[in-house]
Amino acid sequence: MRPIGPLAALALAALLGGCAVGPNYRAPQPPAGAEAPLVSLNPAAETTAQPPDDWWRLYDDPELDRLVQQAFVANADLAVAQANLSAARASLESARNGLYPQTDTKVGALYGRDAITDEILELGGHKPQTIWLFDDVLDVSYELDLFGRVRRSIEASRADAEAAIAARDSVKITVAAETTRAYAQVCTLGDQLAVARRSVDIVNRETQITVQRLDAGAGSDFDVVRAQELVAQARSAIPPLEGQRRAALFELSALLGRTPSEAPAEVDACVTPPRLAALIPIGDGAALLRRRPDVRQAERQLAAATARIGVATADLYPRISLTGLYGGVSSSLAGLVTEPGLTWGLGPSISWSFPNQAGPRARIHLAKAGAAAALAGFDSTVLQALKETEQALATYSAELDHRQALGDAQDKAQKALDMAHGQYLAGSVSTLDLLTSEQALVGADAAVAASDAALAQDQIAVFKALGGGWQAAAR
């Protein structure tokens with residue numbers, strides 16, 4: 001198996017604190033700078049404080065908190081992950097059973113003629129007989145785990161169970177983030193719909209003024225048609241937003257374990273995008289790797305793969321067991337417990353794939369290849385965790401700047417429309433100038449609402465990348 005690289009060193013030390021998990025498994029010390037802040041930290045929007053487990057409560061929205069708690073209870077994907085964890089724990093119990101003697105009890109009754117019994121009767125001068133033959137035997141065997149096969153099997157199963165815990169925790173993070181995302185999308189689309197309808201009202205009002213000027217002989221039919229065209233364009237933005245909002249409600253229903261017909265009607269009233277009242281706490285790189293369940297899952301899979309090398313290696317050596325049996329064989333039930341009917345035995349048993357050991361050695365090569373793949377997967381998971389977090393922070397920071405610029409443009413567009421409206425009534429600007437100002441404001445309002453929606457989604461992406469939520473769900 002190839003040496004553990006710097007990324008693995010950082011993550012393993014963060015996860016394990018240097019503890020040993022097997023003779024073939026090492027956790028190197030983290031490289032210098034492991035505690036450094038994330039490179040995409042924006043001091044104007046984020047802080048190096050550790051994020052809370054229940055990060056969605058930073059929005060101070062009781063409805064959102066209620067929905068997330070419902071999702072933790074009713075989500076189907078989370079139920080699947082919990083069932084997978086139960087299966088992994090059962091496998092661990094099965095592996096632990098190898099530490100104890102294995103027993104097998106057999107009780108039977110047979111009516112008929114037995115060739116050996118008939119032969120014995122004939123030797124004694126008796127005729128063969130049709131009889132009942134009863135037997136009860138207890139077989140006991142105990143493997144002496146001299147070469148660690150059982151111990152390493154338990155170690156691999158324990159790591160598998162811990163990986164299943166991490167996989168369940170990853171699902172919890174996804175459930176919390178996607179529930180918050182769907183709720184935020186419903187709210188932000190409600191806000192975008194309100195902006196779109198307000199834009200329709202604005203252009204409608206200006207269109208009425210254009211019609212009045214035409215009636216007074218100060219305008220033209222062409223001016224009215226152009227104004228009506230702008231109204232139609234503004235109205236065309238509403239149906240897609242309504243469809244997207246219904247789709248978000250259905251997404252939220254699925255996350256809550258409900259059918260589309262059971263979509264939460266109370267959420268439909270939300271038209272205000274969720275907003276944070278403080279900076280986003282993001283912590284540092286080492287804390288991120290400790291917190292992310294996918295990194296923990298990859299590390300536990302690596303530990304399990306390493307342990308399976310030991311299981312395969314033990315097959316190169318003899319498997320030694322102590323075996324014994326105790327019971328009775330008789331032609332009557334009463335005879336099973338009498339001295340003549342008793343049968344017992346005790347002795348060692350050796351099983352060994354020797355001298356042809358091509359099979360065990362091939363299994364060792366297979367186990368080592370699996371461990372190498374697990375190590376590469378672990379490195380990939382660490383890179384993915386750091387990449388996702390940096391990308392989410394960079395995207396959020398850029399959208400903040402975008403939103404600031406759009407807000408400035410919106411203010412200017414509103415002032416321009418106010419000026420154009422007054423000058424249009426005074427006859428100093430044309431209808432085209434007024435329509436252009438209206439169109440600019442409608443576009444600016446829509447862009448600001450879309451940016452607010454993007455900010456909400458980007459914030460949730462940051463929290464999801466930080467790996468928070470599974471600890472809160474476990475309480």
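Which backbone oxygen does the side chain of Thr306 reach? The exercises below work on a predicted model, in which local features need pLDDT of at least 70, side-chain atom pairs count only at pLDDT 80 or more, and totals for chains, interfaces and linings use all residues. Residues are numbered from 1 along each chain as its sequence is written, and side-chain values use heavy atoms, with hydrogens and water left out.

**Exercise 1. Place Thr306 and find its partner.**

Step 1. Locate the residue. Thr306 sits in helix H9 (residues 293-314). Helices (H or I, at least four residues) and strands (E, at least two) are DSSP runs, numbered from the N terminus.

Step 2. Find the partner. The side chain of Thr306 reaches the backbone oxygen of Leu302, at 2.8 Å.

Step 3. Classify the residue. Thr306 has 1% relative accessibility, so it counts as buried. Buried means under 20% relative accessible area, exposed over 50%, and partly exposed in between (1.4 Å probe, protein chains only).

**Exercise 2. Analyse the salt bridge between Glu155 and Arg152.**

Step 1. Recall the term. A salt bridge is a side-chain nitrogen of Lys or Arg within 4 Å of a carboxyl oxygen of Asp or Glu. The structure holds 25 of them.

Step 2. Read the distance. For Glu155 and Arg152 it is 3.0 Å, N to O.

Step 3. Locate both ends. Both residues lie in helix H5 (residues 149-215). They are three residues apart, about one turn of the helix.

Step 4. Classify them. Glu155 and Arg152 are both buried.

**Exercise 3. Describe the salt bridge between Arg245 and Asp268.**

Step 1. Read the distance. The closest N and O atoms of Arg245 and Asp268 are 2.8 Å apart.

Step 2. Locate both ends. This pair links distant parts of the chain, 23 residues apart. Arg245 is in helix H7 (residues 238-255), and Asp268 is in the loop between H7 and strand S4 (280-281).

Step 3. Classify each end. Arg245 has 9% relative accessibility, so it counts as buried. Asp268 has 39%, so it counts as partly exposed.

**Exercise 4. Trace Arg319 and Glu143 into a network.**

Step 1. Read the distance. Arg319 forms a salt bridge with Glu143, with the closest N and O atoms 4.0 Å apart.

Step 2. Locate both ends. Arg319 is in strand S5 (residues 319-330) and Glu143 in strand S3 (residues 131-144). The pair links distant parts of the chain, 176 residues apart.

Step 3. Classify each end. Arg319 counts as partly exposed because its relative accessibility is 35%. Glu143 counts as buried because its value is 17%.

Step 4. Widen the view. Glu143, Arg149, Asp315, Arg319 and Arg363 are linked in a network of salt bridges.

How values were computed: Polar contact = N/O pair within 3.5 Å; in protein donor to acceptor, adjacent residues only side chain to side chain.
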